[in-house]
Amino acid sequence: MGRGEGVDLLSNSLRTCYKYLNQTRQSFADVIQALDGELRNAVCIFYLVLQALDMVEDNMTINLETKVPILENFQSYLYKPDWKFMESKEKHRQVLEDFLMISLEFRNLAKVYQDVIAEICHKMGLGTAEFLEKKVDSKQDWDREFWPTVVWNKYVKKLSDLAKPENIDKAIQCMNELITNTLHHIPNVLVYLSWLRNQSVFNFCAISQVMAIATLAACYNNQQVFKGVVKIQKGQAVTLMMDANNMEAVKAIMYQYMDEIYQKIPSTDPSSSRTQ
């Protein structure tokens, strides 16, 4: 089902779910809606459930005393037909206010999909609740809290120090090491993709991976990461989505962006030998 295709055949609740899906990043929505059969609805609902959980976590209008129990018990709301959250003042609060529509369609999924969604929702809810209860020194710490301590503490004493202009060289070196660590997973990514036989599933998985390598290439050794927003352009994203439909094409895209990174490796970077 492409965007808008077959909408009249959907239940009101499922139509609402796809409406909210199409209000997210269009590249995500398009890839999900290109999936075959029952996977399409399962992944759509999965995405919306995690988006709702993420909205609770990020919503600064919800106090911590209210937020933490919601996150810790979020998976239980999937089985409560009347649960919704009406206290948010955020722009996209409709996903929480209409959560009973999402949970209804969750309960309409096959049990195998319900079990996976509920388990991951439970783990993410507990993890985000634990994160929120940790002491964070600054907004910069909040934004980068998921950077592993074992890496950033090689460069600065506190995570927030990476945001200081005088530490820009150390911040870039830290980021380059994280990107280098990520690049070492590419062989496993390619092996996994080679196992996929369903074309729509292959496209779904491959597109996210080529988007990721393109974003890593844009961020590598780029000071702008610490000064503003770095992302790939819409035209570039469309080209990647169109091209990443077979293994040879995906390998070519991976090599293209790895070469782009290679050309930017500073000889003085502590991780340069591993990046090469």
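**Exercise 1. The cover over H7**

Which helices are included in what covers the buried residues of H7? Work out the buried residues of this helix, their arrangement and the surroundings of Phe106.

*Solution.*

Step 1. Keep in mind as you go that this is a predicted model. Start with the residues themselves: Phe99, Ile102, Ser103, Glu105 and Phe106 are the buried ones in H7. Looking down the axis of H7, you find these buried residues within an arc of 160°, so they line one face of the helix.

Step 2. Now look at what lies over them. The cover of the buried residues of H7 includes helix H1 (12-21), H3, H5, helix H6 (94-97) and H8.

Step 3. Pick one residue and zoom in. Phe106 sits in helix H7, which spans residues 99-108. Its relative accessibility is 0%, and buried means under 20%, so Phe106 counts as buried.

Step 4. List its partners. Leaving aside residues up to four places away in sequence, Phe106 touches Ile45, Leu78, Tyr79, Gln114, Ile117 and Ala118. For a distance check, take the C-alpha atoms of Phe106 and Ser76: they are 12 Å apart, with the two positions 30 residues apart along the chain.

**Exercise 2. One face of H4**

Find the buried residues of helix H4, say how they are arranged around the axis, and inspect the start of the helix.

*Solution.*

Step 1. Helix H4 covers residues 64-72, and its buried residues are Lys67, Val68, Ile70 and Leu71. Viewed along the axis of H4, they fall within an arc of 165°, so they line one face of the helix.

Step 2. Helix H3 (37-58), helix H5 (74-77) and H8 are included in what covers these buried residues of H4.

Step 3. Move to the start of H4. There, Asn63 has a side-chain oxygen that comes within 3.2 Å of the backbone nitrogen of Glu65.

**Exercise 3. Three salt bridges**

How many salt bridges does a search of the whole structure find? Examine the pairs Glu119 and Lys123, Lys251 and Glu248, and Lys164 and Asp161.

*Solution.*

Step 1. The search of the whole structure gives six salt bridges.

Step 2. Begin in helix H8. Glu119 and Lys123 form a salt bridge through their side chains, at 3.1 Å from N to O. The two residues are four apart in helix H8, so about one helical turn separates Glu119 and Lys123. Glu119 is partly exposed at 44% relative accessibility, whereas Lys123 is exposed at 54%.

Step 3. Go on to helix H15 (residues 247-263), where Lys251 and Glu248 lie three residues apart, about one turn of the helix. Their side chains meet in a salt bridge with an N to O distance of 4.0 Å. Lys251 is partly exposed, at 28% relative accessibility, and Glu248 is exposed, at 56%.

Step 4. Finish with the pair Lys164 and Asp161, whose side chains form a salt bridge of 3.0 Å, N to O. Asp161 belongs to the loop between helix H10 (149-152) and helix H11 (168-183). Its relative accessible area is 10%, and the cut-off for buried is under 20%, so Asp161 is buried. Lys164, in contrast, is partly exposed at 36%.

Step 5. Add the contacts of Asp161. Not counting residues up to four places away in sequence, Asp161 touches Val156 and Asn167.

**Exercise 4. A surface patch and a backbone angle**

Which residues form a nonpolar patch on the surface? Then turn to Asn221 and its phi value.

*Solution.*

Step 1. The nonpolar surface patch is formed by Val116, Ile120 and Met124, with about 210 Å² of accessible area together. Met124 is located in helix H8, residues 111-132, and is partly exposed with a relative accessible area of 35%.

Step 2. Next, the backbone. Most residues other than glycine have a negative phi. Asn221 is a residue other than glycine, yet its phi is positive, near 55°.

Step 3. Place this residue in the chain. Asn221 lies in the loop between helix H13 (199-219) and helix H14 (234-243). With a relative accessible area of 30%, Asn221 is partly exposed.

Conventions: Residues numbered from 1 in each chain as written. Predicted model: local features only at pLDDT ≥ 70, side-chain atom pairs only at ≥ 80, totals over all residues. Heavy atoms only, no water. Patch = residues over 30% accessible without salt bridge, like charges linked within 9 Å, V, L, I, M, F, W, Y side chains within 5 Å. Areas by Shrake-Rupley, 256 points an atom, 1.4 Å probe, with all protein chains shown as cover. Buried < 20%, exposed > 50% of the residue type's maximum accessible area, 1.4 Å probe, protein only. Arc of directions from axis to C-beta. Contact = heavy atoms within 4.5 Å. Polar contact = N/O pair within 3.5 Å; in protein donor to acceptor, adjacent residues only side chain to side chain.
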